[in-house]
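Student: I am new to this structure. Please show it to me, and then take me through one part of it closely.

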Amino acid sequence: RGRAGRGKMAAGGAADAQARFGHSVKGLLTEKVTSCGTDVIALTKQVLKGSRSAELLGQAARNMVMQEDAILHSEDSLRKMAIITTHLQYQ
């Protein structure tokens, strides 16, 4: 009789230990899922920021090309004005 009682207690203790282990695993899993979710959000923000940076760099490059064209046009105009000035001085 004493052994049968201890067998039930041992089975009950094992069930409690298993329940605690299951609860512990669930807690760890929840923490990991939360951590992964946070990491995904941070990664998404970084990708969006990088995308925005690339967009701004492209816009800056286009603006530089437009400025370069304006500078070349101004340079050409100055060269023509210098030629005209030289001709006027001879008259």
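Student: About how much area does the chain expose, and what share of it do carbon and sulfur atoms supply? Then take a close look at the salt bridges: which residues are linked in a network?

Tutor: The chain exposes about 8,500 Å². Carbon and sulfur atoms supply 65% of that area. Accessible areas come from the Shrake-Rupley method with a 1.4 Å probe, and for residues only the protein chains shown count as cover.

This is a predicted model, where local features need pLDDT of at least 70 and side-chain atom pairs count only at pLDDT 80 or more, while totals for chains, interfaces and linings use all residues. Residues are numbered from 1 along each chain as its sequence is written, and side-chain values use heavy atoms, leaving out hydrogens and water.

Start with the frame. The chain has 1 helix and 0 strands. Both are DSSP runs numbered from the N terminus: helices are H or I with at least four residues, strands are E with at least two. Helix α1 covers residues 2-90. Of the chain's 91 residues, 0% count as buried. Buried means under 20% relative accessible area, exposed means over 50%, and partly exposed lies in between (1.4 Å probe, protein chains only).

Now the salt bridges. The whole structure holds 3 of them. Each needs a side-chain nitrogen of Lys or Arg within 4 Å of a carboxyl oxygen of Asp or Glu.

The network links Asp76, Arg79 and Lys80. Take Asp76 and Arg79: their side chains meet at 3.6 Å, N to O. They sit 3 residues apart in helix α1, about one turn. Next comes Lys80. Its closest N and O atoms with Asp76 are 3.5 Å apart. Lys80 and Asp76 are separated by about one helical turn, because they are 4 residues apart in helix α1. Asp76 has a relative accessible area of 30%, so it is partly exposed. Arg79 is at 46%, so it also counts as partly exposed.

Another salt bridge joins Glu55 and Arg52, at 2.9 Å, N to O. These two also lie in helix α1, 3 residues apart, about one turn. Glu55 is partly exposed because its relative accessibility is 46%. Arg52 is at 44%, so it is partly exposed too.
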